[in-house]
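Q: Please take a close look at one part of this model and explain how it sits in the chain. After that, describe some other parts in the same way.

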Amino acid sequence: MENPGNFRLVFGISFLYCLLYLSLGFNPVDNYLIDCGSFKNRSIGVREFVADNTNTSSHTLSTPEHIFANSSSNSISLYYDSTLYQTARIFNGPSHYSFSIKEQGRHWIRLHFFPFVFQKYDMSKAKFSVSAQNFSLTREPQSGNVSVVKEYCLNITSNNLVLSFIPDSKSFAFINALEVLSIPENVVPEEAKTVDRKGDKKSLRELALETVARVDMGNSTVLPQNDTLWRLWVSDDSYLIDKNLGSFVSNVSAVNFTGGLVTEDVAPASVYGTATRFILDDPNLNANLTWSFDVDPGFDYAVRLHFCDIVSNSTQQGVFLQIFINTHSAGHLDLGSQTSHVLGAPYFMDVYTRASASRKLNVSVGSSNIANFPSVILNGLEIMKINNDKGRLDVSEVVPSRTSKTTLIVGVAVGLFVFVVLAALVFLFCQRRRRRKPDSGGRGQNIPMTGSVYSNGTARFPFIELVEATDNFSENLVIGVGGFGKVYKGVLRDETEVAVKRGTPQSSQGLVEFRTEIEMLSQFRHRHLVSLIGYCDENNEMIIIYEYMENGTLKNHLYG
């Protein structure tokens, strides 16, 4: 049995080493840590959150009434010190924190919320908004009886930052703790490559960002006290779609920061030293590791992917893979070339994806069709929401209430009924007029194969647009195969998801069948029939574009 004294000695030395390491890390010029509603300072690890019961020369609070709330019950926080959530400031009118900024540039703003009941104030029912620098950050951020930390990144270009809490009418606002700190370069992307065929660079310098997800691959969690910038990296296990496909690996000692542009401020060694990967035993296998995240529709997102080869050795091939954001290819990565073939050297990649109507954002890494490498790997991932053109990061203004949803549904139903009735009357009227006209030439009318858009709504697409929509007809996007050819999932330039059926020279169907299908589907519209969107006949291609049925086919539902 081990000597308990030796165990305590080893533990004490390890703890002191950890404190020393973090104390020698990044020291922000602006570093405001406020324990809201507290009358005394509170130490959280090596950091000290100061009481906000008095104003100082560097930060002030303007509020119509000073209400200090406290709770004797233990707050529920999985990752942060629970004592930070035992006090709160309550604002019954517009209130403003003002901070003196010594170093202009990117700053983090972290807002800590934990609702509890204090006297007549039930914080779980508080309705309010928080804004800074003309950006609306959040509305009603609390969630049940657990703590919530909202993290934002703003480029501050003045000597003063004002953080405003605005209660709704007949409600109030609250905050348990807040952080305002400057951050070093490279921690947040200044620009990112757009996820499209052009691959343009999108500047993020003047935009506000909200952290949606910060994930450590390898089924590992990195707590704030183990990060030089006090970030939380949660495990990827709950986001990984196919847990049987990937395996978790850990080799922190293999991480080599020397000589590279990536430092531990970008991500700690405990992030780069763990990974989720899969090994391609069959070179013909085409598979991806995919993680799925909940996002707010209608916003652009910046995605940072962290890579580090901690599994290869000098005699093995390295890492060469392809990256996908949803169904769009974000390019190929030869990790060895990017790190000068230094094993264990960290690398990160920033991409930018435009707004869509989807509430999911999928990030995938998989084998590349350019080169066959046996290992596919990802070490860490960060997703940041970007403010919209109104300067907002919150979404509550566009989310209707239950009553308004019901009204909307009823209104839509009535409108559809009226539309269907009118369409039926117009259809019958046109049919009667058509029967009265003599047939000219005795042949049916063919769909013209030139032009762009026809009176029946069927569009003629240029071939290059379909190449972009399907990532050059990538095999990763094949969703069906038939006698006519393959069917691909695609995304048009307006973010419309479509099914693209492309005929092949070996197809059992020819030009006659191609024209007939277009003509037939152009004339029939029904909610039980897949809708025809358009076609392409450039360069002797026979391509038909349908609406994408995200729930699959009737055959799949009937027979699995």
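A: Lys501 is found in strand 34, which covers residues 497–503. Strands here are DSSP runs of E with at least two residues, helices are runs of H or I with at least four, and both are numbered from the N terminus. The model is a predicted one, in which local features need pLDDT of at least 70 and side-chain atom pairs count only at pLDDT 80 or more, while totals for chains, interfaces and linings use all residues. Residues are numbered from 1 along each chain as its sequence is written, and side-chain values use heavy atoms, with hydrogens and water left out.

UniProt, in an unreviewed entry, places the feature "binding site" at Lys501. UniProt positions are given in the numbering used here, with feature names shortened, and annotations may be inferred rather than shown by experiment. Lys501 counts as buried because its relative accessibility is 13%. Buried means under 20% relative accessible area, exposed means over 50%, and partly exposed lies in between (1.4 Å probe, protein chains only). Leaving out residues up to four places away in sequence, Lys501 touches Phe484, Lys486, Val487, Glu517, Met542, Ile543, Ile544 and Tyr546. A contact requires heavy atoms within 4.5 Å.

The setting is a protein chain of 560 residues, of which 46% are buried. The chain has 7 helices and 36 strands. Of the contacts between residues at least 6 apart in sequence, 73% join residues at least 24 apart.

Another buried residue is Leu137, which counts as such because its relative accessibility is 1%. Leu137 lies in strand 12, residues 135–139. In strand 12, 4 of the 5 residues are buried, which leaves the strand mostly covered. Strand 12 runs antiparallel to strand 11 (residues 128–132), and 4 bridges join the two. Two strands are taken as paired if DSSP finds at least two bridges between them. Across this pair, Ala132 stands opposite Phe135. The hairpin of these strands has 2 residues between them, and Gln133 takes a positive phi near 50° there. Outside the four nearest places in sequence, Leu137 touches Val130, Ser131, Ala132, Tyr152, Leu154, Leu163, Glu210, Leu393 and Asp394. Its C-alpha atom is separated by 9.9 Å from that of Ser164, 27 residues apart along the chain.

Leu163, one of the residues touched by Leu137, also appears in the largest nonpolar core. That core has 98 residues, and Tyr97, Leu163, Leu178 and Phe307 have the most contacts inside it. A nonpolar core is a set of buried Ala, Val, Leu, Ile, Met, Phe, Trp, Tyr and Cys residues joined through side-chain atoms within 4.5 Å. The core draws at least three residues from each of domain 1 (31–182) and domain 2 (212–386), with bounds that come from an automatic or database domain assignment. Beyond four places in sequence, the contacts of Leu178 include Tyr32, Phe49, Tyr97, Arg110, His112 and Leu163. A second, separate core has 15 residues, among them Ile183, Ala192, Leu204 and Tyr352. In soluble globular proteins, nonpolar side chains tend to be buried together.

Strand 4 (residues 59–62) has two unlike faces: His59 and Leu61 are on the covered one, Thr60 and Ser62 on the uncovered one. In a regular strand the side chains alternate between the two faces of the sheet. Strand 4 pairs with strand 7 (residues 95–100) in the antiparallel sense over 4 bridges, and Thr60 stands opposite Ser98.

Two open sheets remain. One has 3 strands in the order 5-6-15 with antiparallel pairing. Strand 5 (67–70) and strand 15 (173–175) stand at its edges with a single partner strand each, so one side of each is left without a neighbour in the sheet. The twist averages 30° from one strand to the next; axes are lines fitted to C-alpha atoms (for helices over the stretch in contact), and angles run from 0 to 180 degrees between N-to-C directions. Strand 6 (residues 87–91) is joined to strand 15 by 3 bridges, with Ile90 and Phe174 as bridge partners.

The other open sheet has 3 strands in the order 21-22-29, also with antiparallel pairing. Its edge strands, strand 21 (247–250) and strand 29 (375–378), each pair on one side only. Neighbouring strands of this sheet are turned by 35° against each other on average, direction ignored. Strand 22 (residues 274–279) is joined to strand 29 by 4 bridges, and Phe278 has Val376 as its bridge partner.
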